[in-house]
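Got the viewer open? Let's take a short walk through this one, from the whole chain down to a single helix.

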Amino acid sequence: MGVTSTPQDQQDLKLFLTQNNHWNLSTIQAFGNSGFILPNNTVFQLINSLIEDIVYLENINFEFYLEAWNTIINNSLILVKTDFKKSKLLLARIKELSYTEPYLSITVKVNFLELLIHYREDGNSEPIKRFLESAKVLGIPNLYNDLLSGWALLKLNS
């Protein structure tokens, strides 16, 4: 059973997500939980908007900042599968951003996103398998499971 939404539902959600000058925890989480029901162009626009607000979020609240990064990366993963060109544009933009060393999970997820994009281009899954194996060795099960979920999403119906 798939999730369906009407164009009006999608428009209402987009209005909710863009009604404030800055993203907040409720809008970040709403976008994080609904990117898969929105049109690719809307997802792309919202990710770009969230990227524009990332420095503000980092200065406001650590939780908002990490949640924003997870939302950016997870919705970018959706675009790797559904709109490859836009996912490549986002990766380039993401890689221009700076984030501090303590955010290891962000670094790992951005590197993994890049591997998924390379996989879509050349079909070689070996670098992904090695990366997943390395992540497993790190002994951080939640991070490993997040990466594995991203890999499964891309392989689904490929």
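Start with everything selected and colour by burial: buried residues (under 20% relative accessible area with a 1.4 Å probe, protein chains only) make up 40% of the 158 residues. Before going on, note that this is a predicted model, where local features need pLDDT of at least 70, side-chain atom pairs count only at pLDDT 80 or more, and totals for chains, interfaces and linings use all residues. Residues are numbered from 1 along each chain as its sequence is written, and side-chain values use heavy atoms, with hydrogens and water left out.

Now switch to cartoon. You'll find nine helices and zero strands, where a helix is a DSSP run of H or I with at least four residues and a strand a run of E with at least two, numbered from the N terminus. The radius of gyration, taken over C-alpha atoms, is 16 Å, close to the 15 Å from the globule rule (2.2 Å times the number of residues to the power 0.38), so the protein is as compact as a globular protein of its length. Draw a box along the principal axes and the C-alpha atoms fill roughly 40 × 40 × 25 Å.

Next, select residues 40-52, helix α3. Its 13 residues should span 18 Å at 1.5 Å a residue (times one less than the number of residues), and the end C-alpha atoms are indeed 18 Å apart.

Show side chains there: which residues of α3 are buried? They are T42, V43, F44, L46, I47, N48, L50 and I51.

Finally, bring up what covers them, by contact (heavy atoms within 4.5 Å): the cover includes α1 (7-18), α2 (25-32), α4 (54-60), α5 (62-82) and α6 (84-96).

Technical notes. Buried < 20%, exposed > 50% of the residue type's maximum accessible area, 1.4 Å probe, protein only.
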